[in-house]
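Biologist: I am new to this structure and would love a close look at a single part, the place where the chains touch. Could you walk me through it?

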Amino acid sequence: MDKKNVRKQIRAPRGQTRRTIVQVAIAGGLAGLGLAGTAPFGRARAAADAANWPKDAFAQKTEADAIKALCGGKTPEASDKVNLDAPEIAENGAVVPISVSTTLPDVTSIAILVSENPFPLAANYPIPPGTLPMVANRLKMAKTSKVLALVASGDKVFSASKEVKVTVGGCGG
Amino acid sequence: MASTIRIRAVASGDTTEVQALVQHPMDSGFVKDAQGNLIPPHYIEVVEFEHAGKPVFTAYWGPAVSKDPYIKFSFKGAQKGDDLTISWVDNKGATDSLVGKIQ
């Protein structure tokens with residue numbers, strides 16, 4: 001009986017300390033999050049840039065309209081200086097590795113379009129000076145389609161395209 | 001809390017190669033769940049990489065970017081040990097950021 005009581009007494013404070021430790025840890029974690037949220041860049045920066053997200057171009061449902069919205073009336077010229085690296089056959093349309101690089105000078109942006117997707121424009125990368133005109137990413141493809149890379153260089157737009165066969169589409173269904 | 005962002009930036013000479021992975025569902029809005037209901041679109045719209053207070057790379061993404069997106073690019077002018085800040089914001093306004101070291 002006495003022993004039991006002693007044990008209880010020992011246990012209770014131990015339990016409490018553990019709880020306090022957990023509480024402190026949680027509070028610390030939240031404080032950390034709060035700090036991250038108020039950091040000068042990071043959140044503020046990305047949020048500011050969300051306004052620049054090219055909503056129009058991403059909303060277009062055909063390749064031609066997306067190009068129009070993106071290039072502002074310029075017609076892309078096919079160029080062998082734009083290097084589009086994509087697989088011949090993609091077994092899984094949900095994850096198709098695609099990379100674009102170019103040897104053209106003064107590149108200001110790179111865009112990747114998948115013609116047969118519900119929204120053809122997949123990604124658009126503005127390239128600031130000092131950043132190499134090369135990007136690699138992974139895209140979803142609904143079905144076998146032409147993949148088009150657009151590179152804005154100087155005041156012209158150049159393109160390269162490749163047909164990628166998709167065995168299993170990346171749009172569920 | 002673990003960050004949603006994983007980054008690897010390696011400087012060799014003048015050029016820094018950056019590879020980043022973000023954990024995000026990137027729902028396109030065309031996929032149905034087990035009950036046959038459409039899963040609403042939920043995807044990252046903007047990812048921004050900053051070095052020394054200056055944006056070095058920006059990605060504008062649509063719903064066609066794969067789940068848990070991967071990105072690779074290179075830029076010039078950074079040194080080993082410099083900080084690289086990455087932040088993203090999605091179409092629901094959620095956001096995350098991380099400061100990584102260039103190796």
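**Where chain A meets chain B**

Modeller: Happily! The contact involves 40 residues of chain A and 38 residues of chain B, where contact means that C-beta atoms, placed from the backbone, lie within 7 Å. On the side of chain A that touches chain B, helix H1 (2-38), helix H2 (43-50), strand S6 (121-126) and strand S7 (134-139) each supply at least two residues. Helices (H or I, at least four residues) and strands (E, at least two) are DSSP runs, numbered from the N terminus. That side of chain A divides into 27 nonpolar, eight polar and five charged residues. Here Ala, Val, Leu, Ile, Met, Phe, Trp, Tyr, Cys and Pro count as nonpolar, Asp, Glu, Lys and Arg as charged, and the others, Gly among them, as polar.

This is a predicted model: local features need pLDDT of at least 70, side-chain atom pairs count only at pLDDT 80 or more, and totals for chains, interfaces and linings use all residues. Residues are numbered from 1 along each chain as its sequence is written, while chains are lettered from A and ligands numbered from 1 in the order in which they are written.

Now look at strand S6 of chain A: S6(A) pairs with strand S4 (residues 54-61) of chain B in the antiparallel sense, over two bridges; pairing requires that DSSP finds at least two bridges between the strands. Within S4(B), B:Trp61 is the bridge partner of A:Ala123. As for the partner chain, chain B has zero helices and seven strands, and its C-alpha trace spans about 55 × 25 × 20 Å along its principal axes.

Terms used. Two residues are in contact if their C-beta atoms, placed from the backbone, lie within 7 Å.
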